[in-house]
Number of protein chains: 2
Amino acid sequence: MRVLLVEDDRRIAADIAKALEASGYLVERVSNGEEAWFRGDTEDYGAVILDLGLPGMDGLALLKRWRANGRRMPILILTARASWAERVDGIDAGADDYLPKPFRMEELLARLRSIVRRSSGHASSVITAGEITLDERRMKVTVHGVPIALSPLEYRLVTHLMRHRGRVVSQHELDENVYGHGEEHDSNALEVLVGRVRKKLGPGAIETRRGFGYMMPEAPA
Amino acid sequence: MRVLLVEDDRRIAADIAKALEASGYLVERVSNGEEAWFRGDTEDYGAVILDLGLPGMDGLALLKRWRANGRRMPILILTARASWAERVDGIDAGADDYLPKPFRMEELLARLRSIVRRSSGHASSVITAGEITLDERRMKVTVHGVPIALSPLEYRLVTHLMRHRGRVVSQHELDENVYGHGEEHDSNALEVLVGRVRKKLGPGAIETRRGFGYMMPEAPA
DNA sequence: TGATCCATGTCAGCGACGTGTCAGCTTCGG
DNA sequence: CCGAAGCTGACACGTCGCTGACATGGATCA
């Protein structure tokens, strides 16, 4: 993992870099605000370690500019100024953690692990089938990127078909997963439901396998 | 947002609870390890504030058991023991931040905001959704830059929806996070509350997903 | 202590949406 | 070419959620 180290004190920077490299990180060192800003804005780092006491550009301003530009990498702030007001500012500016000098290298490593671990835990699982996407966390279905409004039953139908896309799903299985099930019905409610969903997702979204059930193709036909 | 406060010192607990409530959190207090373990394991909290110096069960062990059970809520540790080794232990055990006593209430609030913000994947403590902005630090909501006055319940509703903007939030989840966890009511208090907030934030601020819940869109429709 | 205000819950009425039913039509497979 | 499986549009009905008005109750202030 690449880590951007922003620190103007050569000795401290060297110590940190050494410790990081020993822990398997790939370190890039920068010592002034302008350069740091540019690198952080254009390159992708797994994490940034940022000393607030920089010449050239204020560290907090730097941080805010990154965040304003949508940069989301985890950031660990280092500083000699350890007043509570400073810390509050740093944290609210979008830092992920804050470490006052002097510190033990073990603690820096622990906090770095912590913020990296957290930032990687936010992958949203999105299922795709042809032009249709389903974001289960957001309960959002899109076709060609256009969000589609679905009723509760329709949504359940789509999620089950998407989860098992590329496979034929029997009416009975759908019945069980869409309606909660006690009774079997002799009605065609499911067929009607499929019809309504097709109207929203477009024809071809759900294929009929006469006598077996339905299938959502993984790729467009 | 519901916060679990685990602290056996009645005075400190009262102070913290008061500050949290003034900041719009819904606080549940627990003073012993057993109770804390049970609550944290069975209920959903937006965050936990955990004092390590507990009678009954060791705070670190408690923390590890939660994490082992897959509980992911952000946790802020409080302790009198401020050695760096302790801090490393706490963080590696799965705590999200660490605050040595004594501390300023402002700093506790800032760190709490920070870990909550991170756990939801946001980079900044100012959240934006369309023309609406929420500054959690200042407890300020604006629409088109115009500040809006909100009652406590309204504020909690808005913060929860803003934190989870772009995602559908069920009535049940809102119920838990806006009102405490007491009885389930069969009343329409929540709907009325939503109505009142809509009147203040403008129509379109909160979308209804019939049968699912409510959603605050990330961008204007 | 009483008057007033603000926050919040309750209730009733209503409009809109979701869903099942049914009849008739189309399509598929043999 | 026939029958069964599946599709579609229309309609009916119940429920969900919205609204405005009113009730309650705690805090504040004279």
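Modeller: Two strands count as paired if DSSP finds at least two bridges between them. Keep that cut-off in mind. The model is predicted.

Colleague: What makes β7 and β8 of chain A a pair?

Modeller: Strand β7 (residues 132–135) and strand β8 (residues 140–143) of chain A share four bridges. The cut-off is at least two, so they pair. The sense is antiparallel. Thr133(A), for one, stands opposite Thr142(A) in β8(A).

Colleague: Why do β8(A) and β9(A) count as paired?

Modeller: Three bridges link β8(A) to strand β9 (residues 146–148) of chain A. At least two are needed, so this is a pair too. The strands run antiparallel. Val143(A) has Val146(A) as its bridge partner in β9(A).

Colleague: What lies between β8(A) and β9(A)?

Modeller: A turn of two residues, and the strands form a hairpin. His144(A) in that turn has a positive phi of about 55°.

Colleague: What makes a positive phi worth a remark?

Modeller: Most residues other than glycine have a negative phi. Chain B offers another case. Met139(B) is not a glycine, yet its phi is positive, about 55°. The residue sits in the loop between β7 (132–135) and β8 (140–143) of chain B.

Colleague: Which peptide bond in chain B is cis?

Modeller: The one joining Lys101(B) and Pro102(B), with omega about 0°. Most peptide bonds are trans. Pro102(B) is placed in the loop between β5 and α5 (105–119) of chain B.

Colleague: What makes β2 and β5 of chain B edge strands?

Modeller: Start with the order. Five strands form an open sheet, β2-β1-β3-β4-β5, in chain B. The pairing is parallel. β2 (26–30) and β5 (97–100) each have a single partner strand, so one side of each has no neighbour in the sheet. From one strand to the next, the twist averages 20°.

Colleague: How many bridges support the β1–β3 pairing in chain B?

Modeller: Four bridges join β1 (residues 2–6) to β3 (residues 47–51), and these strands run parallel. The requirement is at least two, so the pair qualifies. One of the partners of β1 in β3(B) is Leu50(B), which bridges to Val6(B).

Colleague: Why are α6(B) and α7(B) called oblique?

Modeller: Their axes cross at roughly 130° and come within 9 Å. Roughly antiparallel needs over 145 degrees, and roughly perpendicular covers 65 to 115. The crossing angle of roughly 130° fits neither class, so the two helices are oblique to each other. The crossing is right-handed.

Colleague: Which residues make that contact?

Modeller: α6(B) brings Leu153(B), Arg156(B), Leu157(B) and His160(B). α7(B) brings Leu174(B), Asn177(B) and Val178(B). By class, four are nonpolar, two polar and one charged.

Colleague: What puts a residue in the surface near a DNA strand?

Modeller: Its C-beta atom, placed from the backbone, lies within 6 Å of the strand. For DNA strand C, 25 residues surround the strand. The closest are Ser151(A), Leu153(A), Ser187(A), Ser151(B) and Ser187(B). α6 (152–163) and α8 of chain A, together with α6 (152–163) and α8 of chain B, each give two or more residues.

Colleague: Which elements give at least two residues to the surface near DNA strand D?

Modeller: α8 (189–201) of chain A and α8 (189–201) of chain B. Around DNA strand D there are 18 residues. Among the closest are Glu191(B) and Thr208(A).

Colleague: How are the two surfaces divided by class?

Modeller: Near DNA strand D: four nonpolar, eight polar and six charged. Near DNA strand C: twelve nonpolar, nine polar and four charged.

Conventions
Residues numbered from 1 in each chain as written. Chains lettered and ligands numbered in written order. Predicted model: local features only at pLDDT ≥ 70, side-chain atom pairs only at ≥ 80, totals over all residues. Nonpolar A, V, L, I, M, F, W, Y, C, P; charged D, E, K, R; others polar. Axes fitted to C-alpha atoms, helices over the stretch in contact; angles between N-to-C directions. Parallel < 35°, antiparallel > 145°, perpendicular 65-115°, else oblique. Left-handed = near helix turned anticlockwise from the far one by under 90°. Contact = placed C-beta atoms within 7 Å.
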